[in-house]
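Please find below some comments on the cavity analysis of this model, set out as numbered points.

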Amino acid sequence: MKLRDPKYEKYWYAGVTAFIVIASALVIYLLFSNLDGVRSIFSAINSALRPIYIGLIIAYLLSPLVNKTDRYLFIPLIRKIMKKGKKEKVNGIARGCSVAVVLILALLVIFGLIMLVVPEIINSISNLIYKMPGYYGEIQAWGQRVFKSNPQFAEYFKTLSNALYKWLTNDLLPNSNKLLLALTDGVMDAVNGLVNTFIGIIISIYLMAGKENFCAQAKRMMFSIFPVRCVNGMLGVLKETHVVFAKFISGKIIDSLAVGILTFIIMSIAGIPYTILISVIIGVTNIIPFFGQYIGIVPSAFLVFLESPVKGVIFLVLIIVLMQFDGNVLGPKILGDSIGLKSFWILFSILFFGSLFGLLGMICAVPVFAIIYRLVKRWSTRRLAAKNIPTETSYYRDILELKEKD
């Protein structure tokens with residue numbers, strides 16, 4: 001009797017299906033019963049791939065600059081020098097020069113910003129710590145003046161301020177010292193991070209130098225595995241994703257840099273204290289859509305209010321005007337219509353991806369959700385068109401039901 005006899009064909013497929021289902025169930029059971037082991041495996045893999053992640057991010061951010069430097073500087077220059085050189089050789093030399101120049105410039109900019117900003121931030125924080133007892137006395141005196149007409153409230157405020165001061169001196173500062181000791185003990189983690197960053201920079205050099213070849217290999221593999229129509233669709237989605245991400249991330253970085261510079265200029269003119277520290281806080285937090293402005297404004301306003309309540313009010317007025325200018329004029333001018341999402345969906349995406357992936361999720365939430373939104377909208381449009389149903393959203397605003405056509 002042959003095993004694949006047509007008479008027993010259905011039993012054969014039923015047996016194979018049952019085996020696959022049972023095996024899958026066992027695998028799922030083993031995974032869920034050993035979650036700690038699975039987490040440790042994924043954690044080890046994630047730790048090993050961390051330099052790759054860093055290299056990919058660096059290469060992705062610097063690739064547009066490399067392309068422009070290639071096209072407008074080194075390729076024309078090397079063609080003039082090597083008039084008889086082959087195209088591949090000229091392009092290879094130009095790409096190597098472009099990667100080196102862009103990477104060196106990026107490192108110099110980062111180093112320059114660190115040398116410019118970090119000492120000022122340290123001075124601001126040291127000054128704040130030095131003035132903390134004076135602030136405490138001023139707050140206590142202010143509370144006593146306010147509640148002078150009601151001794152009971154004044155005593156309560158004094159007790160509350162004393163408790164706060166004790167917490168600052170007895171709990172916060174000692175714990176800060178412990179934190180510093182813990183950071184000192186964890187110096188190997190910092191060294192690890194530096195090593196990963198250094199390896200990531202080296203990886204980014206290889207990625208930027210041979211990105212066309214890597215992309216070609218990836219496409220070749222995709223066409224060898226999936227149907228041509230499926231791959232064409234995936235490549236279209238990837239291209240659209242790249243356009244949205246590149247425009248959003250580069251635009252957001254430029255916008256945040258402009259906001260930081262404008263904050264520094266305006267606050268310097270207005271005589272607001274801690275100008276550089278506040279400018280850095282506002283500029284960095286502005287990278288996070290929607291919530292970033294508020295995250296930066298709250299601690300900055302608190303610092304200025306400690307120095308001078310009047311300047312705190314001036315700071316709030318100026319920063320709100322600046323944020324309105326950024327939200328309605330500067331931001332849209334730089335970012336354009338790269339997102340195409342309503343405010344509700346922006347808020348939803350930040351909350352959802354932020355809860356799953358933290359700060360990185362909040363930064364990438366808007367472009368990721370924009371792509372998902374476009375794909376879902378395109379899919380629903382095709383489905384409605386196939387059913388001969390109107391695809392415009394406005395059509396569905398006033399209808400309660402849709403009658404089926406005969």
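The points below take up the basis of the values, the cavity, one helix beside it and one threonine.

1. This is a predicted model, in which local features need pLDDT of at least 70 and side-chain atom pairs count only at pLDDT 80 or more, while totals for chains, interfaces and linings use all residues. Residues are numbered from 1 along each chain as its sequence is written, and side-chain values use heavy atoms, with hydrogens and water left out.

2. The count comes to one cavity of 30 Å³ or more, where a cavity is a set of points, on a 1 Å grid over the protein atoms alone, at which a 1.4 Å probe fits but cannot get out. The volume of the largest cavity is about 30 Å³, a volume being the space filled by probe spheres set on the points.

3. Lining residues, those with an atom within 4 Å of a point, are Ile 282, Thr 285, Asn 286, Gly 292, Gln 293, Gly 296, Ile 297 and Met 323 for the largest cavity. Helix H9 gives the largest share of this lining, four residues. By class the lining has three nonpolar, five polar and no charged residues, with Gly counted among the polar ones.

4. Among the residues of H9 that are buried (under 20% relative accessible area) are Gly 292, Gly 296 and Ile 297.

5. Thr 263 lies in helix H7 (residues 228-270) and is buried, with a relative accessible area of 0%. Leaving aside neighbours within four places in sequence, Thr 263 is in contact (heavy atoms within 4.5 Å) with Ile 278, Ser 279, Ile 282, Ile 319 and Leu 322.

Notes
On a 1 Å grid over the protein atoms alone, a cavity is a set of points where a 1.4 Å probe fits but cannot get out, and a pocket is an open set with protein on both sides within 12 Å along at least five of seven lines; lining residues have an atom within 4 Å of a point. Helices (H or I, at least four residues) and strands (E, at least two) are DSSP runs, numbered from the N terminus. Buried means under 20% relative accessible area, exposed over 50%, partly exposed in between (1.4 Å probe, protein chains only).
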